[in-house]
Amino acid sequence: MFTKVLIANRGEIACRVIKTCRRLGIRTVAVYSEADAGARHVRLADEAYCVGPAASRDSYLRADRIVVAALHSGAQAVHPGYGFLSENEGFAKACAEAGIVFIGPPVEAIRAMGSKSAAKTLMQAARVPLVPGYHGDEQNPEFLQQQADGMAYPVLIKASAGGGGKGMRIVESSADFPAALASCQREAAASFNDERVLIEKYLVRPRHIEIQVFGDTQGNIVSLFERDCSAQRRHQKVVEEAPAPGIDAARRAEMGRAACDAARAVGYVGAGTVEFIADQGGSFYFMEMNTRLQVEHPVTEMITGLDLVEWQLRIASGEALPLTQQQIPLRGHAIEVRLYAEEPAKGFLPSIGRLAHFRKPAESANIRVDTGVDEGDSVSPHYDPMLAKLIVWDETRERATDRMLTALADFEIAGVGNNIAFLSRLIDHAEFREGRVDTGLIERERAVLIPAPASAPAEALAAASLWTLQSEARAIRITTAASADPHSPWGEVDGWRINGSQTRRLEYREGETRRSVEVRYERSGVQLNGSAAAVSGSGDGQQQYTVGTQRLSASIVRLGEQLHVFSGGLHHVLQPFDPLAHAAGDQEAHGGLSAPMPGKIVDLPAAVGAEVDKGAALVVMEAMKMEHTLVAPAKGRVIAYLCSVGEQVKDGAELVEFEAAE
Ligand code: MV4
């Protein structure tokens, strides 16, 4: 087994590989770009080398620099992860020439699987089922038209050098074929510098089911069962699960045999994935073979209890497969979702910024989070915006689905846009719950999965208001305790009044709308919009609130001027807003504070002489049938009050003599 391995990748997969290496006592070497100098994978590794500036082409794709780092560090092997150089034939060769083990398949297998049409020819020879159609060298339009007319329409024209959905045309009838063929050939020539196409029977509402295979250097090959990756958007996987819904043991064995035949046909060694496309009847056809460890490999690990990176390391160091096919267990059901820094409501636009709040669900045997970031990290615009993978396991698919929803509700991200709410709606969607997932689900159900942003429900406002009152009370108690009169009754913020109750209104901005909550201080406690409300407890980062007869949990995080309210699996952003503070405009941070309108002074909460923070309540006045709070325009001290409680003041009357701190 190796004693030192270099991970030629970044983010969650680099951290994930490091985790297994550490468990096996293997020292780890990270490579990083200048933009990743403080990244998690660099922190976790035993040593790290900078391989260039932020741009991938100048760093993570610089095979020469990565090989130099491996040689310099004394690493015996390189793990390429996925993406970047993981399926790059030149890199695999460069490693071999430098005497460094490339943890992946032989170069020949990478080459063979690199061409979609060459792969199909190989699969045909290995009697792996292919979609009915024509993928030969004859490209004469009349000949291709004959091939298409020989199948039932609709047919699909695909660029032979294409992939990931690029250069595909659905043709509904024979009459449409010539124009569609010409268009597809033009696009293939432009995109891939290769205008060759293949023709296939078009499968309606297909599923993407892939088989994890492993081969060792002694010719053994096993299947580690299937994964269903049909929940995709624009050929990007969003949710993956294992095993695939609706696949029985017989079909699983049949697909496993076909995948192993495909791997054997190319002399496969290491971890590989054979992707099939399946029609609604369950027939499956070879699509392509990936010669890397896939993003979604954790769902296979959760249902087999195996560590696929450990298997990769063992096989790359010459060991035989740890288990035979019969010894590989399949237990329960696992689901993975990919958490992205993107805004589904804005066309899935990537979002950059600082992860000011990043609270993961508690990990256990059932819940796993693979991530390359920590709270406080900045999400870089240079790389794929995946923040983490959330993987859950349970005895059945239904229980795994419920567990995923709970875990998503416990995952709190603030500071960058994210897709958590979108993922929750997808997992909770009837078609997903019933296992009726096909590759068109997300686009088809877009309106349901990405609804117009909903206003925060009353309970979110109530939670935010109780949190605000609690924070104000805490701040004033601290100020009072530090003041010349620590037992001043003004230090109490229970709203007690000689003459009965006091009310005030908490205002918020939510996007472009304004929301408000009336707070009434009664002897019995606080009422919000007429309902008795209180904080009833806290734990595990959340607070429990009661409002009227309702009980709710919420986690509230203040970031700058915004309150982020996480409750019920949803995330609302409320901006506390004091009309008076704004109506008063930007009071100069010197001299006094004047009444922005005529009214009656109902409270002077700050202690004269006390140091207060910017935004601390200084004067509460009643005007326009509402209570308004004049706040400290800056950190500083109340020199003197120029009014008294109960006094009627005119518009513009000087109320406070205030001195801003230097
Ligand atoms: C197909 C197909 C329907 N019929 N082939 C998309 C890219 C590449 N992976 C193959 N793809 C498809 N090939 C036939 N004959 C539908 C797709 C397809 C798809 C396949 C798997 C996963 C997601 C997909 C999304 C759109 C279309």
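These are my notebook entries on a ligand site and some strand pairings in this structure, which is a predicted model.

**Entry 1: around the ligand**

I began with the ligand and looked up its neighbours. I found 17 residues surrounding the ligand, and the closest are Lys158, Gly165, Glu200, Lys201 and Leu203. I then sorted the shell by character: eight of its residues are nonpolar, six are polar and three are charged.

**Entry 2: polar atoms at the ligand**

Next I looked up distances from nitrogen atoms of the ligand. In the side chain of Glu200, an N or O atom is 3.0 Å from a ligand nitrogen. For Lys201 the partner is a polar backbone atom, 2.7 Å from a nitrogen of the ligand. Leu203 also offers a polar backbone atom, and here the distance to a ligand nitrogen is 2.9 Å. I noted the cover as well: of the 510 Å² of accessible area that the ligand has on its own, the protein covers 89%. Two elements, β7 (155-159) and β9 (197-201), give two or more residues each to the shell.

**Entry 3: which domains hold the ligand?**

Why does the ligand lie between domain 2 and domain 3? I checked the shell again: domain 2 (132-201) and domain 3 (207-449) both give residues to it, so the ligand lies between them.

**Entry 4: an open sheet**

I moved on to the strands. In what order do the five strands of the open sheet come? I read the order as β3-β2-β1-β4-β5, with parallel pairing. At the edges I found β3 (47-52) and β5 (101-102), each of which pairs on one side only. I picked one pair to look at: β1 (residues 4-7) and β4 (residues 77-79) run parallel and share three bridges. Within this pair, Val5 of β1 stands opposite Ala77 in β4.

**Entry 5: two hairpins**

Last, I followed the chain through β28, β29 and β30. Strand β28 (residues 542-547) runs antiparallel to β29 (residues 550-559), and five bridges join them. One example I wrote down is Thr546, whose bridge partner in β29 is Arg551. The two strands make a hairpin with two residues between them, and Gly548 in the turn has a positive phi of about 65 degrees.

Then I looked at β29 with β30 (residues 562-567): this pair is antiparallel too, joined by five bridges. Here Val557 has His564 in β30 as its bridge partner. β29 and β30 also form a hairpin with two residues between them, and the turn holds Gly560, with a positive phi of about 65 degrees.

Note on methods: Residues are numbered from 1 along each chain as its sequence is written. This is a predicted model: local features need pLDDT of at least 70, side-chain atom pairs count only at pLDDT 80 or more; totals for chains, interfaces and linings use all residues. Side-chain values use heavy atoms; hydrogens and water are left out. A residue is near a molecule or strand if one of its heavy atoms lies within 4 Å of it. A polar contact is a pair of N or O atoms within 3.5 Å; within protein, one must be able to donate a hydrogen and the other to accept it, and residues adjacent in sequence count only if both atoms are side-chain atoms. Accessible areas come from the Shrake-Rupley method with a 1.4 Å probe; for residues, only the protein chains shown count as cover. Helices (H or I, at least four residues) and strands (E, at least two) are DSSP runs, numbered from the N terminus. Ala, Val, Leu, Ile, Met, Phe, Trp, Tyr, Cys and Pro count as nonpolar, Asp, Glu, Lys and Arg as charged, and the others, Gly among them, as polar. Domain bounds come from an automatic or database domain assignment. Two strands pair if DSSP finds at least two bridges between them.
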